[in-house]
Amino acid sequence: MTTLAVTLISVAGTLGGTLGGAMLSQRASRAEAAEQNQRADREQEQQRSERALQAKRDLYAQLNTTARAYRVAARDTVEAAERGESVNPALLDAAKEAWAEQYSQAQMALASDVLEVASALNRSLGIGYSVVKQLPSSPEPGDAFQRAKTWFRGPLSEGVYLLRLTLRHDLGVEVEPHFEQARMQRLSALERARNRLAELLAAERGQTA
């Protein structure tokens, strides 16, 4: 009986150790699997964030590029026309269409403060286009050319710069402590200049009519 009891206890101990080891091994495997899943989730989230940030950078770069190209094309058209050189209107129209397409896409993705600047610039670029198209019918060509050059070199150039500054600030590339105040001041100045120019163009159209 003693020998049997010792044998049973030995067998029970062996089985218990085996089962206990198996349970501990399963728990460790489950914990490792859970950790791997969590790590994979974190990596996927980081990849999604990086892709979203890169897409945002690409959008901002394209928006800035097309805005600058539109302003430069309009300015060059004015200067060429003043020198009496032949002007290809397709170049300006192509720049206008490229900006319009990019701006349309940006409207669905921009934050409200960035969109406010982009919208103001869109209106300013639009009136710049009207300035160019109205040059041939102006009763005072000298004044009209000077007005156009002043607009493209001054307020509109500042507007493009404001967009670039706003985009860089939103990306965290160039953060200024009083940026919001400066943004609103520049934005107001651009809107005032655009309104004055719109009044001048409307008055000139009235004279021509």
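Thr77 is found in helix H1 of this predicted model. With a relative accessible area of 14%, Thr77 falls under the 20% cut-off and is therefore counted as buried. A polar atom of the Thr77 side chain lies 2.7 Å from the backbone oxygen of Ala73. When neighbours within four places in sequence are left aside, the residues in contact with Thr77 are Val87, Leu92 and Val132.

Thr77 also takes part in the lining of the largest pocket. The volume of this pocket is about 170 Å³. Besides Thr77, the lining includes Ala81, Val87, Pro89 and Leu92, together with Val132, Lys133, Leu135, Pro136 and Phe145. Helices H1, H2 and H3 are the elements that give two or more residues to the lining. Val87, Leu92 and Val132, which are in contact with Thr77, are thus found again among the lining residues of the pocket.

The secondary structure of the protein chain as a whole consists of six helices, with zero strands. Read from the N terminus, the order of elements is α-α-α-α-α-α. Of the contacts between residues at least 6 apart in sequence, 78% join residues that are at least 24 apart. The protein chain has 209 residues, and 29% of them are buried. The chain exposes about 12900 Å², and 54% of this area is supplied by carbon and sulfur atoms.

The largest nonpolar core contains 40 residues. Those that touch the most other members are Trp99, Leu110, Leu121, Trp151, Phe152 and Leu163. At least two residues of this core come from each of helix H1 (2-82), helix H2 (89-106), helix H3 (112-134), helix H4 (141-153), helix H5 (155-171) and helix H6 (179-208). The largest contribution is that of H3, which gives ten residues.

Phe152, one of the core residues that touch the most other members, was examined further. With neighbours within four places in sequence left aside, Phe152 is in contact with Arg71, Ala74, Arg75 and Val78, among others. Gly128, Val131, Val132 and Ser157 are also in contact with Phe152. Val132 is in addition a contact of Thr77 and belongs to the lining of the largest pocket.

How values were computed. Residues are numbered from 1 along each chain as its sequence is written. This is a predicted model: local features need pLDDT of at least 70, side-chain atom pairs count only at pLDDT 80 or more; totals for chains, interfaces and linings use all residues. Side-chain values use heavy atoms; hydrogens and water are left out. A nonpolar core is a set of buried Ala, Val, Leu, Ile, Met, Phe, Trp, Tyr and Cys residues joined through side-chain atoms within 4.5 Å. Buried means under 20% relative accessible area, exposed over 50%, partly exposed in between (1.4 Å probe, protein chains only). Helices (H or I, at least four residues) and strands (E, at least two) are DSSP runs, numbered from the N terminus. Contact means heavy atoms within 4.5 Å. Accessible areas come from the Shrake-Rupley method with a 1.4 Å probe; for residues, only the protein chains shown count as cover. A polar contact is a pair of N or O atoms within 3.5 Å; within protein, one must be able to donate a hydrogen and the other to accept it, and residues adjacent in sequence count only if both atoms are side-chain atoms. On a 1 Å grid over the protein atoms alone, a cavity is a set of points where a 1.4 Å probe fits but cannot get out, and a pocket is an open set with protein on both sides within 12 Å along at least five of seven lines; lining residues have an atom within 4 Å of a point. Grid points are joined across faces, edges and corners, and a volume is the space filled by probe spheres set on the points.
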